[in-house]
Every structure is written in structure tokens, then in C-alpha cells.
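Biologist: Could you open the model for me and walk me through it? I would like to start with the sheet and then go on to the helices.

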Amino acid sequence: MAWTREPLTESELDELLAAADERDLDHQVTIYALAHTGLRADELAHLRDDWIDWQAERLRVPPAEGEWSPKTEHSARTIPLKHPGTVRRLRDYFSYHEAYDATRQTVTNRVKRVAAETDLRKKITPHVLRHTYGTLIAARGATPQYIRQTMGHADLSSANDYLQYAGTQLDAEAEELW
């Protein structure tokens, strides 16, 4: 596990989400979507309404379309949308827009602006929120296959990193409690 920046804990994520709730819908969608889907910044920047199956509450990252091309062939994937706050914000956003239609830099800037309004000391980037998603689902019992598939990894080694990190976090938390 050679991450340059550690994922957020649940309480740190709650603080970031609270800060996002003080901003406009663009900022809320950015933080909630990155933290609860595992999307990469570039994937969010290209997110379109037709990528989302609203009935089934699933987001489909397509293999390639128009100018959009995913990072790897494994990046094309389906992600269940299970966080109610994220679904609500995406619905609100896409009731007025056909696409997120931003640049990768805009996504990064929005994350930085929201993070600056918290007391968190960690450097928070879109990729940190991707790691946060991976560790949170691992801590909640996701299988390596589920992690690999929803995050768009080529093999299970990356998924196992999230499981290992989540286990380390749980051990550290248990030590603090006992």
C-alpha cells in the first residue's frame, strides 16, 4: 500500500460533507459523488445524466463515448448509488443539467475550497476521496470483487490494499476504545 495521502476516516468525511452542505449544489455534488462512488476526478468531470439509471440507482461509467475515454479498460463499470444524500444531490443537479460539464481542475478546486472550510489537517484531493470510498466500503464488509469492480481496478491487489487498510484502521480504533 503506497498511497501518498491517507483516506479520510468516517468522522473526517462527516466534517467535509458538513462543509460541502454550506456551499452550492455544484460543490455538494462534487464532494458527495467522489466520496460515495469512488469516481476519479476526470470521470466526475465528464459525468452525464444518461450515465445514471435513476430507477435502479446505478451509475454506469461507459467504456468510451465522444471525447470521453476512461483511464483504463477496467474503468468502465457500474457503481451502485446507495448513499441517499448523494442520490438526492445528483437528482437535484441533473434535474437542471444534462452533464456535470467541468474540467478535472474544476473538480480539484471545488474539493480544495470545501476542505479549506474544515479543521482537517490532511491534504484532501479528489483521489483522497476515492481512497476514502474504497476504505469505507471495505470496512463495511465489501468483498475484494465488489471493491475491484466498483472502483474499476484491473485486479484484486488494489482491492486487497483497501481491505488491509480498513483492517488497520479498525485495529487502531479498537486500541483507542479499549
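Modeller: What follows goes through the sheet, the helix packing and a few single residues, and please keep in mind that this is a predicted model.

Biologist: Okay, what is the strand order in the sheet, and how do the strands pair?

Modeller: The sheet is an open one of 3 strands in the order E1-E2-E3, and the pairing is antiparallel. Its edge strands are E1, at 52-53, and E3, at 77-80, each of which pairs on one side only.

Biologist: How many bridges join E1 to E2, and how many join E2 to E3?

Modeller: E1 is joined by 2 bridges to E2, which covers residues 58-61, while 4 bridges join E2 to E3. To give an example from each pair, Ile52 has Leu59 in E2 as its bridge partner, and Arg60 has Thr78 in E3.

Biologist: Which residues of E3 are on the covered face, and which on the uncovered one?

Modeller: Arg77 and Ile79 make up the covered face of E3, whereas Thr78 and Pro80 are on the uncovered face. That fits a general pattern, in that side chains in a regular strand alternate between the two faces of the sheet.

Biologist: What does Met151 touch, leaving aside its neighbours within four places in sequence?

Modeller: With those neighbours left aside, Met151 is in contact with Arg40, Arg77, Arg130, Tyr133, Gly134 and Tyr162, and Arg77 is one of the residues on the covered face of E3. Met151 itself is found in helix H7, residues 144-151, and it counts as buried because its relative accessibility is 0%, where the cut-off for buried is under 20%. Met151 and Thr78 are 73 residues apart in sequence, yet their C-alpha atoms are 9.0 Å apart in space.

Biologist: Switching to helices: at what angle do H1 and H2 cross?

Modeller: The axes of H1 (residues 10-21) and H2 (residues 25-37) cross at roughly 155 degrees and come within 8 Å. Angles over 145 degrees count as roughly antiparallel, so H1 is roughly antiparallel to H2. The crossing is left-handed, and on the H1 side the residues that meet H2 are Leu13, Leu16, Leu17, Ala20 and Asp21.

Biologist: And how does H2 pack against H4?

Modeller: H2 and H4 (residues 84-94) pack at an angle of about 135 degrees with their axes 9 Å apart, which makes H2 oblique to H4. The contact involves, among them, Leu25, Val29 and Ala33 of H2 and Gly85, Arg89 and Leu90 of H4. The crossing of H2 and H4 is left-handed.

Biologist: Is Arg110 buried or exposed?

Modeller: Arg110, which lies in helix H5 (residues 104-116), is buried, because its relative accessible area is 12% and the cut-off is under 20%. Its side chain makes a polar contact of 2.8 Å with the side chain of Tyr100. Beyond its neighbours within four places in sequence, Arg110 is in contact with Asp26, His27, Thr30, Tyr100 and Ala102.

Biologist: Last thing, what is phi of Asp101, and where is that residue placed?

Modeller: Phi of Asp101 is near 50 degrees, a positive value in a residue other than glycine, and Asp101 sits in the loop between H4 and H5, where it counts as exposed at 66% relative accessibility. Glu57 also has a phi near 50 degrees, but its place is in the loop between E1 and E2, and at 29% relative accessibility Glu57 counts as partly exposed.

Technical notes. Residues numbered from 1 in each chain as written. Predicted model: local features only at pLDDT ≥ 70, side-chain atom pairs only at ≥ 80, totals over all residues. Heavy atoms only, no water. Pairing = 2+ DSSP bridges. Buried < 20%, exposed > 50% of the residue type's maximum accessible area, 1.4 Å probe, protein only. Polar contact = N/O pair within 3.5 Å; in protein donor to acceptor, adjacent residues only side chain to side chain. Contact = heavy atoms within 4.5 Å. Axes fitted to C-alpha atoms, helices over the stretch in contact; angles between N-to-C directions. Parallel < 35°, antiparallel > 145°, perpendicular 65-115°, else oblique. Left-handed = near helix turned anticlockwise from the far one by under 90°.
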